[in-house]
Amino acid sequence: MSKPTLLFVYNAKAGMVNGLFDAAHKIVSPNTYACSLCKLTHGNFKEKEVWRSFRTNNNVAMEFLYKEHLNERYPEFLAAHKLPLVLIEEENCSPEIFLTSDQIAANSTVESLIETIKENLPTT
């Protein structure tokens with residue numbers, strides 16, 4: 001049996017131009033930036049080192065999606081849930097909510113987000 005995969009869904013659009021607009025938005029008006037997951041895991045121009053270390057040095061499969069990718073794969077989640085969110089997907093099963101937008105936003109630091117993820121992971 002394969003391990004579950006966490007699907008991190010950013011409330012942002014894919015692409016370099018969109019990334020530049022997001023970076024500018026985070027600098028100019030950080031309080032109105034719509035993606036709390038982006039704010040926690042990325043600085044203005046790159047991924048935070050503590051997040052990079054967590055995602056590359058753990059035993060959890062992770063995939064990172066933008067909202068249009070979620071819409072292509074699981075449109076029912078985009079229609080029914082506020083972004084960002086984290087889904088958990090197990091082999092041959094439909095994904096389920098792992099962390100809601102409110103649960104993500106409740107974390108004030110990337111370190112607290114990492115702890116929240118670890119605390120909620122299923123034990124095998």
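In this predicted model, Phe-64 comes out as partly exposed, with a relative accessibility of 30%. Its ring pairs with that of Trp-51, and because the centres sit 6.4 Å apart with the planes at 80°, the pair is edge-to-face. Here two distant parts of the chain meet, since Trp-51 belongs to helix α3 and Phe-64 to strand β2, 13 residues apart. Trp-51 itself is buried, at a relative accessible area of 0%.

That pair has company. Searching the whole structure turns up six aromatic pairs. Another of them is Tyr-10 with Tyr-66, a tilted pair with 6.0 Å from centre to centre and 35° between the planes. Tyr-10 sits in β1 and Tyr-66 in β2, so this pair ties together parts that lie 56 residues apart in sequence. Tyr-10 counts as buried at 5% relative accessibility, whereas Tyr-66 is partly exposed at 30%. These four residues join Phe-8 and Phe-54 in one aromatic cluster.

The strands just mentioned are part of an open sheet of four, ordered β2-β1-β3-β4, with mixed pairing. At its edges stand β2 (61-66) and β4, each with a single partner strand, so one side of each has no neighbour in the sheet. From one strand to the next, the twist averages 35°. β1 and β2 run parallel and are joined by six bridges; Phe-8 has Phe-64 as its bridge partner in β2, and both of these residues belong to the aromatic cluster.

Over at the β4 edge, things run the other way. Strands β3 (residues 85-89) and β4 (residues 96-99) pair in the antiparallel sense through three bridges, and Val-86 has Leu-99 as its bridge partner in β4. The two strands make a hairpin with six residues in between, and Asn-92 in the turn shows a positive phi of about 60°.

Helices lie across the sheet. α3 crosses β1 and β2, running at about 130° to β2, while α7 crosses β1 and β4 at about 135° to β4. In α7 (residues 110-120), the buried residues are Val-110, Leu-113, Ile-114, Thr-116 and Ile-117. Viewed down the helix axis, they fall within an arc of 160°, so they line one face of α7. Their cover includes β1 (5-10), α2, α3 and β4.

Two charged residues round off the picture. Glu-47 is in the loop between α2 (36-41) and α3 (49-56). With a relative accessibility of 12%, Glu-47 counts as buried, because the cut-off for that is under 20%. Leaving out residues up to four places away in sequence, Glu-47 touches Thr-41, His-42, Arg-52 and Arg-55. With Arg-55 there is also a side-chain polar contact of 2.5 Å.

Arg-73, for its part, is found in helix α4 (residues 67-73) and is partly exposed, at 35% relative accessibility. Setting aside neighbours within four places in sequence, Arg-73 is in contact with Leu-7, Glu-63, Leu-65 and Glu-89. The side chains of Arg-73 and Glu-63 are joined by a polar contact of 2.4 Å.

Note on methods: Residues numbered from 1 in each chain as written. Predicted model: local features only at pLDDT ≥ 70, side-chain atom pairs only at ≥ 80, totals over all residues. Heavy atoms only, no water. Buried < 20%, exposed > 50% of the residue type's maximum accessible area, 1.4 Å probe, protein only. Polar contact = N/O pair within 3.5 Å; in protein donor to acceptor, adjacent residues only side chain to side chain. Contact = heavy atoms within 4.5 Å. Pairing = 2+ DSSP bridges. Arc of directions from axis to C-beta. Axes fitted to C-alpha atoms, helices over the stretch in contact; angles between N-to-C directions. Phe/Tyr/Trp six-rings, centres within 6.5 Å; stacked < 30°, edge-to-face > 60°.
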